[in-house]
Amino acid sequence: MKNYKIPTLTIAGSDSSGGAGVQADLKTFSAIGTYGMSVITAITAQNTKGVFMVEDLSKEIIKKQIEVVFDDIRPKSLKIGMVSSEEIIKEIAKTLDKYKPENLVIDPVMISKSGYSLLKPEAKQSMIEYLIPMAYIITPNTPEAEEITGIKIDNVEDMKLAGQKILELGPKFVLMKGGHLDGDAVDILIGKDIFKVYKSERLYRKNTHGTGCTLSSAIAAHLALGYDICESVKRSKEYITNAIRYSFDIGSGVGPVHHFY
Ligand code: PLP
């Protein structure tokens, strides 16, 4: 049930072309029916052809955005997307720790589909140490899970193994996204007492810019609306599958998914 008065927050980077990052998150929050707010961590100069320049915002303005939002409109859920440096990661972790936010969804963004590194390699360790343990749920794709665990992932068994290892880092749930593997799209939700496999048909579409951002913000929105973790993941999977199904050509490169299909 939509409730446009329930606040949800994204802490992420801006995508000037509107397909990924904060813009995708806010569209998703609206489409699923929550009130979207944003803390911007970085500005990317980006279009459907690639990422051309990135400028991080200062840790002071990132911290201040979080504080003034939480002090006034406490979000029911939030997601963290692109956080590129160790300094920014530590500042966000320290600031959020004051507020003990519930329903924190972490999308461990590392490399854009176009191949641009959105997380400085030396910042990976601080993401593992400071952010991942705070997550209610983390949503790595297989290359990200490989980076986090050092486990090479070639099949569903490897996904389970890596997911278990990420769970040991402290999040309550891990959603391992298998979209990069061949065959049906298989995602696995792993928690202490939960193991659920979500299979969906593989859609072959060119326009998939912003899929990771969209899925993680859809989970945050559903959690904010009060659905439990399994139902939130199930509904969010349905949403992203349809958003990919109806993705469209805009610009000359990899276009966006359709948030309002
Ligand atoms: N740009 C920003 C600002 C993002 O946060 C993300 C998130 O993953 C991306 C680009 C990458 O989007 P994609 O890999 O779907 O192209």
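1. Lysine 100 sits in the loop between H3 and S5. This is a predicted model. Lysine 100 is not a glycine, yet its phi is positive, about 45°. It has 8 C-beta neighbours inside 10 Å, so lysine 100 counts as exposed.

2. Asparagine 103 is also found in the loop between H3 and S5. Its phi is near 55°, again a positive value in a residue other than glycine. Is asparagine 103 buried or exposed? With 21 C-beta neighbours inside 10 Å, asparagine 103 counts as buried; the cut-off for that class is 20 or more.

3. Next, the sheet. It is open and has 9 strands, with mixed pairing. The order reads S3-S2-S1-S4-S5-S6-S7-S8-S9. S3 (50-56) and S9 are the edge strands; each has a single partner, so one side of each lacks a neighbour in the sheet.

4. Within that sheet, S1 and S4 (residues 77-80) run parallel. They are joined by 4 bridges. One bridge partner pair to check is isoleucine 11 with isoleucine 80 of S4.

5. S1 (7-15) also matters for the ligand shell: S1, S2 (35-47) and helix H7 (211-224) each supply at least two residues to it. There are 18 residues around the ligand. Which of them come nearest? They are Gly13, Ala20, Gly21, Met82 and Lys113. By class, the shell holds 6 nonpolar, 10 polar and 2 charged residues.

6. Helix H4 covers residues 124-131, and its buried residues are Ser126, Met127 and Leu131. They span an arc of only 105° around the axis, which puts them on the same side of H4. The packing partners of these buried residues are S4, helix H3 (86-99) and strand S5 (104-106).

7. Helix H8 runs over residues 229-245, 17 residues in total. From first C-alpha to last it reaches 24 Å, close to the 24 Å expected at 1.5 Å a residue. Its buried residues are Ile229, Ser232, Val233, Ser236, Lys237, Tyr239, Ile240, Ala243 and Ile244. Seen down the axis of H8, these fall within an arc of 170°, so they line one face of the helix.

8. What do the buried residues of H8 pack against? The helices are H1 (21-32) and H7. The strands are S6 (137-138), S7 (173-177), S8 (185-191) and S9 (195-200). Two of these elements appear above: H7 supplies at least two residues of the ligand shell, and S9 stands at an edge of the sheet.

Methods. Residues numbered from 1 in each chain as written. Predicted model: local features only at pLDDT ≥ 70, side-chain atom pairs only at ≥ 80, totals over all residues. Near = placed C-beta within 6 Å. Nonpolar A, V, L, I, M, F, W, Y, C, P; charged D, E, K, R; others polar. Expected span 1.5 Å × (residues − 1). Buried ≥ 20, exposed ≤ 12 C-beta atoms within 10 Å, placed from the backbone. Arc of directions from axis to C-beta. Contact = placed C-beta atoms within 7 Å. Pairing = 2+ DSSP bridges.
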